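User: Please examine the following model and answer some questions about its aromatic residues and helices.

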Amino acid sequence: MDTWILRLFLFLICGASGYFLANGSSPQMGLWGFFGGLLLSALTLLFYNPFTLYNLGFQLSYAAVLGMVAFNPWFLDKLKFLPKILREEVAVSFSAQMFVFPMVLVYFHKIVLISFLANIP
């Protein structure tokens with residue numbers, strides 16, 4: 001089975017179940033449950049194949065998801081001047097790019113600034 005398929009499956013199962021199991025007490029606990037599920041999925045993949053840690057796709061996908069979960073509320077708050085649908089799209093794109101930006105700079109030695117806007121559907 002390809003690594004990206006396994007990663008997607010574990011993202012969905014562990015992340016969603018962690019969020020929904022912890023969400024009964026408070027929304028804040030739901031986020032911590034999601035982080036726990038995300039950590040469990042990463043550890044499962046690394047147990048399956050420890051060299052996955054050096055896979056750029058693994059690193060970028062986990063960084064993007066962590067960025068989306070960690071920074072999305074902050075960006076939503078800062079972008080209140082935009083219409084709701086546009087604000088949500090821009091917030092998700094910018095929050096993912098926050099964590100991916102340093103890794104892209106290290107691996108590819110260049111940054112394409114249009115990528116912040118190109119990821120908005």
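**Aromatic pairs and helix geometry**

Analyst: At 45% relative accessibility, W74 counts as partly exposed. The model is a predicted one.

User: Is F75 buried or exposed?

Analyst: Residues under 20% relative accessible area count as buried. F75 has a relative accessibility of 10%, so F75 counts as buried.

User: How many aromatic pairs does the structure hold, and how is the pair of F58 and Y62 classed?

Analyst: The structure holds 4 aromatic pairs. In the pair of F58 and Y62, the ring centres are 4.7 Å apart and the planes stand at 50°, so this pair is tilted. Both residues lie in helix 3 (residues 56-78), 4 residues apart, or about one turn of the helix. To restate both values, the number of pairs is 4, and the class of F58 and Y62 is tilted.

User: What is the class of the ring pair W74 and F75?

Analyst: Planes over 60 degrees apart count as edge-to-face. The rings of W74 and F75 have centres 5.0 Å apart and planes at 75°, so the pair is edge-to-face.

User: Which residue joins W74 and F75 in a cluster?

Analyst: Ring pairs link these two residues into a cluster with one further member. That member is F94.

User: Where does the kink in helix 4 lie?

Analyst: Helix 4 comprises residues 84-108, and its end C-alpha atoms are 34 Å apart, which agrees with the expected 36 Å. The helix nevertheless has a kink of about 40°, placed shortly before the proline P102. Among the buried residues of helix 4 is the kink residue, namely V100.

Notes:
Residues are numbered from 1 along each chain as its sequence is written. This is a predicted model: local features need pLDDT of at least 70, side-chain atom pairs count only at pLDDT 80 or more; totals for chains, interfaces and linings use all residues. Side-chain values use heavy atoms; hydrogens and water are left out. Rings of Phe, Tyr and Trp (its six-membered ring) pair if their centres lie within 6.5 Å; planes under 30 degrees apart count as stacked, over 60 as edge-to-face and the rest as tilted. Helices (H or I, at least four residues) and strands (E, at least two) are DSSP runs, numbered from the N terminus. Buried means under 20% relative accessible area, exposed over 50%, partly exposed in between (1.4 Å probe, protein chains only). The expected span of a helix is 1.5 Å times one less than its number of residues. The bend at a residue is the angle between axes fitted to the seven residues ending there and the seven starting there.
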